[in-house]
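I opened the notebook to work through one chain. My plan is to take a helix, then the core, then single residues.

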Amino acid sequence: MNSHTAPAPRPGLLLRLSGPLQSWGERSHFNDRDTAPFPTRSGVIGLLSSALGRHRNTSPADLTHLSITVRTDRPGVLLRDLHTVGGGLPPKATVSTAEGKKRSADTSTVITHRTYLADAAFTIAITTAAGPNQTGEGADTALLDLCARALNTPQWPLYLGRRSCPPEGPLLLGRSNDALHHLIHLPLAATGPHPRGVEFLSDRPLDQLPVPQELITPDSPDGAHPTSQANDEPVTFDPRRRTYRARPLYRRTLHLPHAQYTGLGTSQLASLQTYVTAHLHHPEESVQ
C-alpha cells in the first residue's frame, strides 16, 4: 500500500468468535472431521444463514458478496476427540452403511475422529465487497443491516463451526463505517504479545488494511498477494449436493501495541465493552 494513500473506509460489522471449542471444517470427510486454524468463509456465511433462518437449500449467493477479514486474538490449541456411535445397540438400531444396509454385529460400532480448536478467540470484520460509490455498495450495506438484525435476534441457534461449539457470549460487537480500522484497534483477548505478532487473514488483499504507519515494519509482507487458496467459498449448503469453490487466502502479520492486550476473563470483557461503547454503533442501535 502506498503510505501516502489512505484506504477508503469500509462499512461493516465487528464480531467476536470465542468459546471453549470451535471447529471450522476444511477437508472433513466421513469419519475424520478436521478444523482449519481460523474461521472459514463457509463457516461464517453459514453462521449468518443460520441467524437469518435460512434453510440449507437456500442459495448463499447474496452473502458471498460480503468480505470477511479475521484477526487471530488467540490461536487456541488443537484438541482431537474420539467418538463412537452405535455400539451395544441391536442390529436394527445401528448406524446404516452408505448403501443403506445394516451393519453386522462386529462392525456395528462406528469410530470417528473430530478435531477442535480449544480456547481460541477471533475478531472478524464482515465488510462490503464493493468500495464507496461502486456498483453494489448500497445493496451490500442493506445486507449488513439485515445481518446485524439477525445476529441480534437469530432465528436459529448460532455455533462456532459445529453444533457442539456454542459461543461464550453475543457475537455481534457493533457496526462501523470503518470496520477494518476497528478490527486493528479493538482490544485483544490475550495476555501478552505473541513473538510472531497478530495474524490477519482475508479473502481480499490486506495491503488495504488501514494500518498506522508506526505499526508497519519494512521487512514484513503487506498481504498484497495471496499466500495460498482455501476451498471454503460456498456454492450451496444443500446436504445432497454441498459444493465449495477455492478462493485466494491473504495473510498479514502485525505487531500490535502492548496496551491492546487486555488479558482474559472479566478484565478483557470490561476493556472490550469500554471500546465498543466509545467507538461502535451499539448492536441495538445498528439494527433499527
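How many residues has H1, and how far does H1 reach from its first C-alpha to its last? I looked it up in what is a predicted model. H1 has twelve residues and reaches 16 Å, close to the 16 Å expected at 1.5 Å a residue.

**Entry: cover on H1.** Next I asked how many residues of H1 are buried. I found eleven of the twelve, so I noted H1 as mostly covered, taking buried as under 20% relative accessible area. The buried list includes Arg41, Ser42 and Gly43 at the start of the list. It also includes Val44, Leu48 and Leu52. Just after H1, I noted Gly53 with a positive phi of about 75°.

**Entry: Ser50.** Ser50 lies in helix H1. Buried or exposed? Ser50 counts as buried because its relative accessibility is 10%, under the 20% cut-off. I then looked up its contacts, leaving aside neighbours within four places in sequence. Ser50 is in contact with Gln155, Trp156, Pro157 and Leu158.

**Entry: the largest core.** Which residues have the most contacts inside the largest nonpolar core? I got Leu13, Ile126 and Leu151, in a core of 36 residues. Helices H1 (41-52) and H2 (137-152) each give two or more residues to this core. So do strands S1 (12-18), S4 (66-74), S6 (110-118) and S7 (121-128). I also noted another core that lies apart from it. That one has 24 residues, among them Ala125, Leu173, Leu206 and Tyr261. As background, nonpolar side chains tend to be buried together in soluble globular proteins.

**Entry: Ile126.** I pulled the contacts of Ile126, again leaving aside neighbours within four places in sequence. Ile126 is in contact with Pro11, Gly12, Leu13 and Leu15. Val44 and Leu48 are also in contact with Ile126. The rest of my list for Ile126 reads Leu66, Ser67, Ile68 and Leu144.

**Entry: S1 and S8.** How do S1 and S8 run, and how many bridges join them? They run antiparallel, and four bridges join them. Leu13 has Arg175 as its bridge partner in S8. I checked the cover on S8 (residues 172-176) too. Five of its five residues are buried, so S8 is largely enclosed by the rest of the structure.

**Entry: Ser228.** I found Ser228 in strand S10 (residues 228-236). Ser228 counts as partly exposed because its relative accessibility is 32%, between the cut-offs of 20% and 50%. Not counting residues up to four places away in sequence, Ser228 touches Arg247, Pro248 and Leu249. I also took the distance to Tyr250. The two are 22 residues apart in sequence and 7.3 Å apart in space, C-alpha to C-alpha.

**Entry: the whole chain.** I counted five helices and eleven strands. Buried residues make up 46% of the 288 residues. The chain exposes about 14,700 Å², and carbon and sulfur atoms supply 54% of that. Among contacts between residues at least 6 apart in sequence, 79% join residues at least 24 apart.

**Entry: confidence.** The chain averages a pLDDT of 87, and 84% of the residues score at least 70. Where is confidence lowest, and where highest? It is lowest in helix H5 (residues 283-286), at a mean of 52, and highest in helix H3 (residues 179-185), at 98. Over residues 131-135 the pLDDT is below 50. Beyond near neighbours in sequence, that stretch has six contacts in the model.

Note on methods:
Residues numbered from 1 in each chain as written. Predicted model: local features only at pLDDT ≥ 70, side-chain atom pairs only at ≥ 80, totals over all residues. Heavy atoms only, no water. Core = buried A, V, L, I, M, F, W, Y, C linked by side-chain atoms within 4.5 Å. Buried < 20%, exposed > 50% of the residue type's maximum accessible area, 1.4 Å probe, protein only. Contact = heavy atoms within 4.5 Å. pLDDT = per-residue confidence, 0-100. Areas by Shrake-Rupley, 256 points an atom, 1.4 Å probe, with all protein chains shown as cover. Expected span 1.5 Å × (residues − 1). Pairing = 2+ DSSP bridges.
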